[in-house]
Amino acid sequence: MIIYKWLPKQEAILLLCALLFFACLCQAQEKYGQNYPQPRDTTAVYDIEGITVQSEKYQSRLRSPMPVQAMRGKDLEKLNSFSVADAIRYFSGVQLKDYGGIGGLKTINVRSMGSAHTSVFYDGVVIKNAQNGQVDLGKFSLDNIEALELFNGQKSNIFQPALGFFASNTLFMQSKIPVFEKEEQEHTKLSFKTGSFGLVNPSLLYQRRINEGLSLAFNTEYITANGKYKYRYRKENGYDTTATRQNGDIESFRAEITLHQAFKSGGKASLKGYYYESERGLPGAIVANIFSHYQRLWDKNFFVQGMLHKSFFDKHELMVNMKYSSDYNRYIDPNYQTIEGALNNRYYQKEFYTSVVNQYMLNSWWDVSIAADYSFNTLDANLYRFTYPSRSSYYFAVSSAIHRDRLEIQANLLGAYVNDQVKFYQKGSDQQVFNPVISVSYQPFTLNENFRIRAFYKESFRMPTFNDLYYTFVGNTFLRPEFTTQYNIGATWRAKPNHILEAFTIQVDGYYNHVKDKIVAMPSANLFRWTMMNLGEVEVKGLETNLRGIKKIAKVSLEIGMGYTFQKAIDITASSTVYGDQIPYTPLHSGTFTSSASYQNWQANFSFIYTGERYSQKANLPVNYVQPWYTSDLGLTYKNRFGKYQYAMGLETNNLFNQYYDVVLNFPMPGRNYRLKFNISF
């Protein structure tokens, strides 16, 4: 059992000081900032009494020169998704590595670039993991998420932190922002979910108006589940055993508190405190007739981040972000014995991050911006011969954006300098990198403003992680960064409302990616000692198609979405014995289908995911072949109001046809399972 305690003393003091500073800043701005011009808000999204109000930039995301896929509010509710990881499976070009069950690790891989090439942002500030470069998206609940946006390349807005330009792909998570009617002072939403795997999941969302421009949002959630489910274990001659998945339990607690300030003079600010704690079992791979595993993992994650968006003179906008984070991981493996007993590793990560962005409007159609980011990361551990590394990273981006009626052009010049220091042994080399980016969106036909073509070229890189460089007996301090080159050309079209469809949109993109100096693990002295090396080159050619339509028949509203991805990702390393083979876990064909039907207080949702044949290893041999899999999910929801109380009840059936499948080989996924949910808002 997890015993929940107050935050560590120094972190609690830090959060308190940040809250006091934020309050003083807001009061000062309200008192002295009345004459400042109002900055242009290009990303705000609000819900008011069921009516969606979106900024002009959000409504015109189909004009973006960078491909973007987005889901928000009601779209997310229709997917029967439990976490952010479950929802992003419906984006085209995405492979989600899921190691099974509620507590299994879930990481994102976009267009076969590798999970370390996708940056994740929460409320505009990056989430980093210098130790292994991966962000577990299963930790983020959808209860407090208003929008998810996935950009190939980068977000099509030059007013963003420098780190937003550097990744090959970016995922933005936006939490819910309080919006109050004139007489409202507070909102409360209580939710409860239960179902298969022994799931018990209560949550609370509370929003409070403090004064005219200042509001508070508090969200907390508790999850417990035993993680047990039936699966089939197949040998060479077919299925011969049905067993129960063991050691997949989880117990977690999450709490977030956010202050939002909207200044009368224009601009906004926010301050967020976040705490997550979990204990989970790691169910492990089912191999060699071993069905039970006993590894355990503990996590504690804390961060406090602040954002200020303000204009201090005409045609100028300033954004400042700051963040401090502290992460703790403990891993126990009773099967691996050391001279001190069972393996018991502890890791402590800390990060300080700050970003400053200045944007100036040269005229009504031309903007320029300069962004500078700095981060400092440290990693401590109780490992033998550990190096105790630290990393200072400097990122710069100079950007220009031209907005004409039929033409949008963006150009970026990116520069980075990364310096590592170690307490013992040898450190990795300093890195200096410069990357160009250019993107274009064009409306070719004067009379058809809803059809546009787009293209971009981008160079980017990702640094070797601390594990790549310094992990005992495995790390290689001579590693070079992975460099990527991306090409994309596509088109978007949005039909005008007509008697057949209320709305219809389609996006088609073809792309080519090249990864150089790919970091791979290779055996060294023996099969029990591996090391990291720059060996690989990967070439990715793909095609993505997305369409969405809305139709109303009498009192029934129908909505359908479809996505298809063709992706050929092959190893082109000159000396490779698997030259020309498809890289592991990359299907040639994959697709999604979502649909919903609404009638009065009732709503039914159906979603389908298909992943084609793959290979679990680099060699495309029959022994490494992984069969295609698909899942179908069905949900039914009833909503109504009783006085000032609005309530909703829902029943979800996931993996409707009870298919047995592996996302990652030998990590069996659950068969048919159920979830019952209830929430009340007032």
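This passage describes strand pairing, nonpolar cores and a surface patch in a predicted model. Local features require pLDDT of at least 70 and side-chain atom pairs count only at pLDDT 80 or more, whereas totals for chains, interfaces and linings use all residues. Residues are numbered from 1 along each chain as its sequence is written, and side-chain values use heavy atoms, with hydrogens and water left out.

Strand β23 (strands being DSSP runs of E, at least two residues, numbered from the N terminus) spans residues 431–442. Its side chains alternate: Gln 431, Val 433, Asn 435, Val 437, Ser 439 and Ser 441 point to one face and are buried (under 20% relative accessible area, 1.4 Å probe, protein chains only). Gln 432, Phe 434, Pro 436, Ile 438, Val 440 and Tyr 442 point to the other face and are not buried. Strand β23 runs antiparallel to β22 (residues 407–421), to which 12 bridges join it (pairing requires at least two DSSP bridges). Val 418 has Gln 431 as its bridge partner. Six bridges join β23 to the antiparallel strand β24 (residues 451–462), where Ile 453 stands opposite Tyr 442.

The largest nonpolar core (buried Ala, Val, Leu, Ile, Met, Phe, Trp, Tyr and Cys residues joined through side-chain atoms within 4.5 Å) holds 44 residues, of which Val 84, Ile 88, Leu 137, Leu 148 and Met 173 touch the most other members. Apart from this core lies another, of 29 residues, including Phe 159 and Met 463.

Leu 362 belongs to strand β19 (residues 341–363) and is partly exposed, with a relative accessible area of 38% (partly exposed lying between 20% and 50%).

How values were computed. Helices (H or I, at least four residues) and strands (E, at least two) are DSSP runs, numbered from the N terminus.
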